[in-house]
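Subject: Structure handover

Hello,

Here is the structure I said I would pass on. My notes on it follow below the display.

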Amino acid sequence: AIMAGLGANAVRLYHSLGLDSEESHAGFLDHAQAMGLNVMAGFHTEAANKPDKCPGFDCFETWKNATLQGFHQGFTQAGGWGPP
């Protein structure tokens, strides 16, 4: 509410995707939507430094899986990405 009151229309999140977290983001995302704030989800990119996660610095599969996991943690509504 404070950010929207100051005129912000978006918030960028750091490390919201890719941390193997089981927590739901739905409450935060629903509140941001109610306040008229767009949310830009950021990836935790530390996996790029781990050869078992990003062999040869190819993180496509790791970040794809992080995105799919995010879908199950509140980043989708009505079967689609973000608000309907």
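Methionine 3 sits in helix H1, which covers residues 2-5. In this predicted model, methionine 3 counts as partly exposed, at 39% relative accessibility. Leaving aside residues up to four places away in sequence, methionine 3 touches Ala8, Ala10, Val11 and Leu37. Leucine 37 is 34 residues from methionine 3 along the chain, and the two C-alpha atoms are separated by 8.5 Å.

As for the chain as a whole, it has three helices and four strands. Read from the N terminus, the order of these elements is α-β-α-β-α-β-β. The chain has 84 residues, and 24% of them are buried. About 5,800 Å² of the chain is exposed, with carbon and sulfur atoms supplying 58% of that area. Of the contacts between residues at least 6 apart in sequence, 66% join residues at least 24 apart.

A word on confidence before the details. The average pLDDT of the chain is 81, and 87% of the residues score at least 70. Among the elements, strand S1 (residues 10-12) has the highest mean pLDDT, 91, and strand S4 (residues 80-81) the lowest, 64. Where pLDDT is low, the predicted coordinates should not be read in detail.

Next, helix H3. The helix spans residues 60-75. With 16 residues, H3 would reach 22 Å if it were straight at 1.5 Å a residue, but its end C-alpha atoms are only 19 Å apart. The buried residues of H3 are Ala66, Thr67, Gln69, Gly70, Gln73, Gly74 and Phe75.

Two glycines of H3 come up again in the distances. Glycine 70 lies in this helix and has a relative accessible area of 0%, so it counts as buried. Apart from residues up to four places away in sequence, glycine 70 touches Leu17 and Phe75. The C-alpha atom of glycine 70 is also 8.2 Å from that of serine 16, a residue 54 places away along the chain.

The other one is glycine 74, whose C-alpha atom is 7.9 Å from that of glycine 27, with their positions 47 residues apart along the chain. Glycine 27 belongs to helix H2, residues 26-34. Is glycine 27 buried or exposed? Its relative accessible area is 55%, over the 50% cut-off, so glycine 27 is exposed. Glycine 74, by contrast, is listed among the buried residues of H3.

There is one aromatic pair in the structure. Its members are phenylalanine 43 and tryptophan 63, 6.1 Å centre to centre, with 35° between the planes, and the pair is tilted. Phenylalanine 43 is in the loop between S2 and H3 and tryptophan 63 is in helix H3, so the pair links distant parts of the chain, 20 residues apart. Both rings belong to partly exposed residues: the relative accessibility is 32% for phenylalanine 43 and 29% for tryptophan 63.

The count of disulfides also comes to one. Which cysteines does the disulfide join? They are cysteine 54 and cysteine 59, with 2.1 Å from S to S. The torsion about their S-S bond is about 120°, so the disulfide is right-handed. Both cysteines fall under the 20% cut-off for buried residues: cysteine 54 has a relative accessible area of 2%, and cysteine 59 one of 7%.

The last item is phenylalanine 57. This residue is placed in the loop between strand S2 (38-40) and helix H3. Its phi is positive, at about 60°, although phenylalanine 57 is not a glycine. Where the two cysteines of the disulfide are buried, phenylalanine 57 is exposed, with a relative accessible area of 67%.

That is what I have on this structure.

Regards

Conventions: Residues are numbered from 1 along each chain as its sequence is written. This is a predicted model: local features need pLDDT of at least 70, side-chain atom pairs count only at pLDDT 80 or more; totals for chains, interfaces and linings use all residues. Side-chain values use heavy atoms; hydrogens and water are left out. Buried means under 20% relative accessible area, exposed over 50%, partly exposed in between (1.4 Å probe, protein chains only). A disulfide is a pair of cysteine sulfur atoms within 2.5 Å. The expected span of a helix is 1.5 Å times one less than its number of residues. Contact means heavy atoms within 4.5 Å. Accessible areas come from the Shrake-Rupley method with a 1.4 Å probe; for residues, only the protein chains shown count as cover. pLDDT is the predictor's confidence in each residue, from 0 to 100. Rings of Phe, Tyr and Trp (its six-membered ring) pair if their centres lie within 6.5 Å; planes under 30 degrees apart count as stacked, over 60 as edge-to-face and the rest as tilted.
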